[in-house]
Structure formats: C-alpha cells, structure tokens
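Okay, thanks for squeezing me in. I'll put the model up and then talk you through a handful of residues.

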Amino acid sequence: MFKKSINSKLQKDHEILCEYRVYDIVVPNDMLGWLRSDHAGETGAVWIYKGANLAFWSKSIREMAIEHLTTEKNHLVVMEHLVPTSQRSKLIFIWKVMGFGLGFFSSFFGYSTFCVTINAVETFVERHYMDQITMLKKMGSNQDLLKVLIKCCEEEIHHKVDARSKIKKNSFGLIKRWWINIIEIGSELAVKVSTKV
Ligand SMILES: [Fe+2]
Ligand SMILES: [Fe+2]
C-alpha cells in the first residue's frame, strides 16, 4: 500500500515534469539564487492555500484554495526538480509557517479580505517572475528555463485575476491598502533573504 502510494506520487511528478518540460534543464550556478527564491516562494504558496483550505467556515475560500493549490503543488514539483536539496533555502520551515499563517489568518476576515490577500500575493509573484523573464530574454540564454518561468508566471496571473474578480467593488479601504503594503514589503523581504539563505 505504502509502496503503491510512493509509485503513484512518482508517476504524478513525472507527468508534471513532462508537462512543464523541465527534465533537461540544468540551472547554471549564477542563477541558483533566483531559483532558490522561486522554490521558497512556491513552498510558501502551497502553504498559503493549505492554511486557507482549513477555513471550515467558508466554502468559497476552500474552493479557491483547493483550485489554486493544485497549480502551486505543480510549481513546487518543478522547482524541487530545478533546485537541488543542498541549494534550497535553509529557512524553508519559516516560509511554510509564514505561508500557512497568511492563508489561515486572512481567511478569518472573510472571503473578500482573503481575495484581497491572494490578489496582492499573486501580483507580487507575477512581478517577481516577470523580472526574471525580462532578464532571461535580455540575456538570450537558458531559453528552456525561460519557457518554464513564462508558464508558471501565466498561471500566477490566472490566480491573480481570479482573486481580483471576486473582490467586491469599493473593497479597497484604507486598512486593506495598508494590508496590501504589508504583504508587498513582507514578500520583498522574503525574496531578498531566500535568494541568499
Ligand atoms: Fe506558484
Ligand atoms: Fe499562484
């Protein structure tokens, strides 16, 4: 039974790696910092939606969490393939706790606040991937990696738009704007730290 579930996990991961076309990609040493932050970010994203999935009081939050979580898990499989264990952030536990906390606690304030949070997080992630995509386009190298990042980025945009479409109009009061700023500053800091550690 245990062996069977390991085999089905390996089979599923294999399908994801084929779908994202990452099998032949080797990340150059000078790009490992970038990818380390992507791996940390996707770990955080998985745990945001895991946290939100525990919001037993809101079916809408759980539905969005489950839908987005599927994609984030795919992204994490991709990043785990690209970033060897020895090169991953040493602070993975912290990224998991922070992600979980953000997903779970923002859910307390209702569906609209949860969507504002997700919209802010995914907007940040889109910008983060776009910076790397722009750099790779300029460099003209590692085109296979570029395609993977473009696919991930497109899926983050889908999450962003999905969350945005569910925010009630006039829902961006002062407190929510302050909350969005906190998320942006926190995400920026997390990227800076996880690029190095
Ligand atoms: Fe993602
Ligand atoms: Fe996402």
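**Around Ala52 and the core**

Let's start with Ala52. If you skip residues up to four places away in sequence, Ala52 touches Ile61, Ala65, Gly103, Phe104, Ser107 and Phe114. Keep in mind, by the way, that what you're looking at is a predicted model.

So where does Ala52 sit in the bigger picture? The largest nonpolar core has 34 residues, and Ala52 and Ile48 are the ones that touch the most other members. As for who supplies that core, at least two residues each come from α2, from α3 (59–82), from α5 (111–139) and from α6 (143–165). Which helix gives the most? That's α5, with nine residues. As general background, nonpolar side chains in soluble globular proteins tend to be buried together.

Next up, Thr43. You'll find Thr43 in helix α2, which runs over residues 32–52. Buried or exposed, then, for Thr43? Thr43 is buried, because 25 C-beta neighbours fall inside 10 Å, and the cut-off for buried is 20 or more. Leaving out the neighbours within four places in sequence, the contacts of Thr43 are Leu76, Ile92, Trp95 and Lys96. And here's a distance for anyone who likes to click on atoms: Thr43 and Tyr20 are 23 residues apart along the chain, and their C-alpha atoms are separated by 18 Å.

Now for a couple of backbone angles. Which residues have a positive phi although they are not glycine? Two to look at are Arg21, with a phi of about 55°, and Asn142, with a phi of about 50°. Arg21 is in the loop between α1 and α2, while Asn142 is in the loop between α5 and α6. On exposure, Arg21 comes out as partly exposed because it has 13 other C-beta atoms within 10 Å. Asn142 has 17 other C-beta atoms within 10 Å, so Asn142 is partly exposed as well. The partly exposed class is what lies between 12 or fewer, which is exposed, and 20 or more, which is buried.

Last thing, confidence. The chain has a mean pLDDT of 94, and 97% of its residues reach 70 or more. Which elements of the chain have the lowest and the highest mean pLDDT? The lowest is helix α1, residues 2–19, at 88, and the highest is α3, at 98.

That's my tour, so feel free to spin the model around.

Terms used
Residues numbered from 1 in each chain as written. Chains lettered and ligands numbered in written order. Predicted model: local features only at pLDDT ≥ 70, side-chain atom pairs only at ≥ 80, totals over all residues. Helix = DSSP H or I, 4+ residues; strand = E, 2+ residues; numbered from the N terminus. Contact = placed C-beta atoms within 7 Å. Core = buried A, V, L, I, M, F, W, Y, C linked by C-beta atoms within 7 Å. pLDDT = per-residue confidence, 0-100.
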